[in-house]
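Student: I would like a close look at the aromatic rings in this model, and then at what surrounds them in the rest of the fold. Please give the cut-offs as you go.

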Amino acid sequence: MKAIKFLLFTAFAIFYIQAATAQQAECKYPYAFFGIQGGGQAVLNGYNIGDVITGSAGIYVGGMWTPVFGTRLHINGWESKEGVKNWGTYDFKYGTATIDLMANLVSAINHRSNNAVDLYFIGGIGANKVWGSNFPDMGFASKVHNHVAPTGKLGLMMDVHFSRCVSLNVEVDAYRHGKHDNNYEVNMSKDWQLTGMLGLKFSFPGKSKKAKLAPIIAEEPTPSPVVMEEAKPAPIVKAKEQMRKEIFYIIKSSKAEGENAIRLQEAINWLNAHPTATASVDGYADRATGTPDLNATYAEQRALAVKDALIKAGISASRLTVKSYGDTVQPFTENSKNRCVIIVAEEK
């Protein structure tokens with residue numbers, strides 16, 4: 001029980017660190033993976049479970065074809081024990097191979113493929129083989145052990161991602177084996193086998209998706225005809241007042257705080273004092289973290305939050321133009337400053 005609590009605490013801690021500090025790159029599909037596992041298993045047949053727990057090891061290889069669905073070949077085995085009522089326990093070797101269908105429940109709910117933690121439902125079919133029994137009646141043991149029996153499997157698997165390529169893997173499976181063991185012959189019940197495994201998963205994803213910007217082609221202006229006019233004194237034009245405010249944000253945030261909240265209030269005061277002025281509100285995200293899709297979302301949320309604050313302060317929406325550039329434009333050389341909204345206003 002202490003080992004199980006430790007594993008759950010470790011998985012939760014890694015999930016929290018990943019969610020708080022990393023925005024993972026989005027992978028192309030399909031991609032391949034393989035994993036190694038170690039843990040324990042027990043045959044559930046009504047006998048005292050504490051007397052039949054043994055070690056188990058596993059290996060698997062497969063692929064994720066979409067963010068939700070994948071398949072794999074899974075092989076596990078080692079030593080096992082079974083209990084016979086009114087007699088006791090006996091040992092034997094076993095091996096199980098299944099073809100599994102995997103459904104990523106997290107991606108199915110949030111429609112994303114860059115989760116810090118993934119939880120899979122697993123269903124599989126295959127075959128089980130046992131040998132090397134030390135059952136006292138070896139003739140009887142040979143009769144019921146020395147053949148391959150069909151197997152069905154249901155399970156849950158969790159991946160906690162250290163990076164795009166390496167994950168901590170926790171898996172719990174329930175197997176139901178066909179008629180091939182002493183327990184069936186003596187107790188007349190098919191075996192349920194429960195396994196709990198901890199391991200590492202290694203993925204081989206494609207390159208991250210990058211947003212491609214269309215080239216900007218400047219059109220050459222058509223030359224205007226030369227018109228000779230008498231020189232006139234230039235009119236005296238009063239310079240139009242302008243305002244520019246830069247509001248910066250912490251990672252994953254669209255809330256202006258501290259000094260940045262003061263800059264937002266200064267922009268509100270200026271626009272209220274210049275009722276003929278119009279303003280552009282442009283949102284940005286830094287390119288060094290996150291994915292293009294996530295950064296586009298954060299930039300839009302920041303720009304809309306500033307727009308809402310201006311309207312709430314009494315500034316008409318008709319005076320505002322809102323744009324979101326995501327991480328396609330980086331107005332500053334210092335990366336962290338690119339998590340920002342820039343307000344530029346000018347009198348009419």
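Tutor: What follows starts with the ring pairs and then turns to the cores, one loop residue and the cysteines.

The model is predicted: local features need pLDDT of at least 70 and side-chain atom pairs count only at pLDDT 80 or more, while totals for chains, interfaces and linings use all residues. Residues are numbered from 1 along each chain as its sequence is written, and side-chain values use heavy atoms, with hydrogens and water left out.

Five aromatic pairs are found in the whole structure. Rings of Phe, Tyr and Trp (its six-membered ring) pair if their centres lie within 6.5 Å; planes under 30 degrees apart count as stacked, over 60 as edge-to-face and the rest as tilted. Phe34 and Phe202 make a stacked pair, with 5.2 Å centre to centre and 25° between the planes. Phe34 belongs to strand 1 (residues 31–44) and Phe202 to strand 8 (residues 192–204), so this pair ties together parts that are 168 residues apart in sequence. Helices (H or I, at least four residues) and strands (E, at least two) are DSSP runs, numbered from the N terminus. Phe34 is partly exposed at 32% relative accessibility, and Phe202 is partly exposed at 25%. On this scale, buried means under 20% relative accessible area, exposed over 50%, and partly exposed in between (1.4 Å probe, protein chains only). The rings of Phe34 and Phe204 are also stacked, because their centres are 6.1 Å apart and their planes at 20°. Phe204 lies in strand 8 and Phe34 in strand 1, so that pair ties together parts 170 residues apart in sequence. Ring pairs thus link Phe34, Phe202 and Phe204 into a cluster.

Two rings carry a charge over the face. A charge sits over a ring if NZ of Lys or CZ of Arg is within 6 Å of the ring centre and within 35 degrees of the ring normal. Lys201 lies over the face of Phe33, 4.4 Å from the ring centre, and Arg72 lies over the face of Tyr60 at 4.9 Å.

Next, the nonpolar cores, each a set of buried Ala, Val, Leu, Ile, Met, Phe, Trp, Tyr and Cys residues joined through side-chain atoms within 4.5 Å. The largest has 19 residues, of which Met243, Leu264, Leu271, Val306, Leu310 and Ile343 touch the most other members. Strand 9 (242–248), helix 5 (259–273), strand 10 (278–283), helix 6 (292–312) and strand 12 (340–346) each give two or more residues to this core. Helix 5 gives the most, with five residues. Apart from this core lies another of eight residues, among them Tyr60, Met64, Ile122 and Met157.

Ile122 also meets Leu154 of strand 6 (residues 148–161). The two are 32 residues apart in sequence and 5.7 Å apart in space, C-alpha to C-alpha.

Asn338 sits in the loop between strand 11 (320–324) and strand 12, and is buried, with a relative accessible area of 2%. Its side chain joins that of Gln330 in a polar contact of 3.2 Å, and reaches the backbone nitrogen of Phe332 at 2.9 Å. A polar contact is a pair of N or O atoms within 3.5 Å; within protein, one must be able to donate a hydrogen and the other to accept it, and residues adjacent in sequence count only if both atoms are side-chain atoms.

Notes
Contact = heavy atoms within 4.5 Å.
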